[in-house]
Amino acid sequence: MTRHYLEDLTPGQVFHTGTLLVERADVLRFAAEFDPQPFHLDDEAGRNSLFGGLAASGWHTAAMTMRLYVTGAFQPAGGSVGAGMEELRWPRPVFPGDTLRAEIEILSARASATRPERGIVRIRCTTFNQHDAPVQIYVSVVFIATRQA
């Protein structure tokens, strides 16, 4: 698998991930441990909510997206160390049975002014369901290695 250094990245580049099937048991397990709201834990409560059905927690969607990101085509040398999140949105819910995929777009890439072994990369990661509808969008800044590291 190709590892990406700062020098390999240009604004507008898009990297794709594989897919991930959202399993009902995982939705329930994650919600029970981390976001125990009724619409994430119970079918009836989900149907009676604004979601109209049992919905995955947004934080679960974020965790599944991270799995897709880390195993996808964008493979920063030395890993992708998060420096901060500028934006995080969940435009539509994720339901058991959905199949997710993500696209990582390079918005900017520059060398660090103080750490020559690091680059600062701003990305937009959009997670889509099986209907190609976005279910999560975030913009973040990550540190990645330069070739001179």
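This briefing looks at a few residues and where they sit in the structure above. The model is a predicted one, so keep that in mind as you explore. Three residues get a closer look: Trp90, Thr65 and Phe143.

**A nonpolar patch and Trp90**
- Start on the surface, where Trp59, Met85, Leu88 and Trp90 form a nonpolar patch.
- Together, these four residues have about 420 Å² of accessible area.
- To find Trp90, look in the loop between strand E2 (81–89) and strand E3 (99–111).
- Trp90 is partly exposed, because its relative accessible area of 36% lies between the 20% limit for buried and the 50% limit for exposed.

**Thr65, a buried residue**
- Next, go to helix H4 (residues 58–71), which contains Thr65.
- Thr65 has a relative accessible area of 0%, and because buried means under 20%, Thr65 counts as buried.
- Which residues is Thr65 in contact with, leaving aside its neighbours within four places in sequence? They are Cys125, Thr127, Gln136 and Tyr138.

**Phe143 in strand E5**
- Strand E5 (residues 134–145) is the home of Phe143.
- Phe143 has 25% relative accessibility, so this residue counts as partly exposed.
- Not counting residues up to four places away in sequence, Phe143 touches Gly79, Ser80, Val81 and Ala83, and also Arg118, Gly119 and Ile120.
- You can also trace the chain from Phe143 to Leu107: these residues are 36 residues apart along the chain, and their C-alpha atoms are separated by 14 Å.

Key
Residues numbered from 1 in each chain as written. Predicted model: local features only at pLDDT ≥ 70, side-chain atom pairs only at ≥ 80, totals over all residues. Heavy atoms only, no water. Patch = residues over 30% accessible without salt bridge, like charges linked within 9 Å, V, L, I, M, F, W, Y side chains within 5 Å. Areas by Shrake-Rupley, 256 points an atom, 1.4 Å probe, with all protein chains shown as cover. Salt bridge = Lys/Arg side-chain N within 4 Å of Asp/Glu carboxyl O. Helix = DSSP H or I, 4+ residues; strand = E, 2+ residues; numbered from the N terminus. Buried < 20%, exposed > 50% of the residue type's maximum accessible area, 1.4 Å probe, protein only. Contact = heavy atoms within 4.5 Å.
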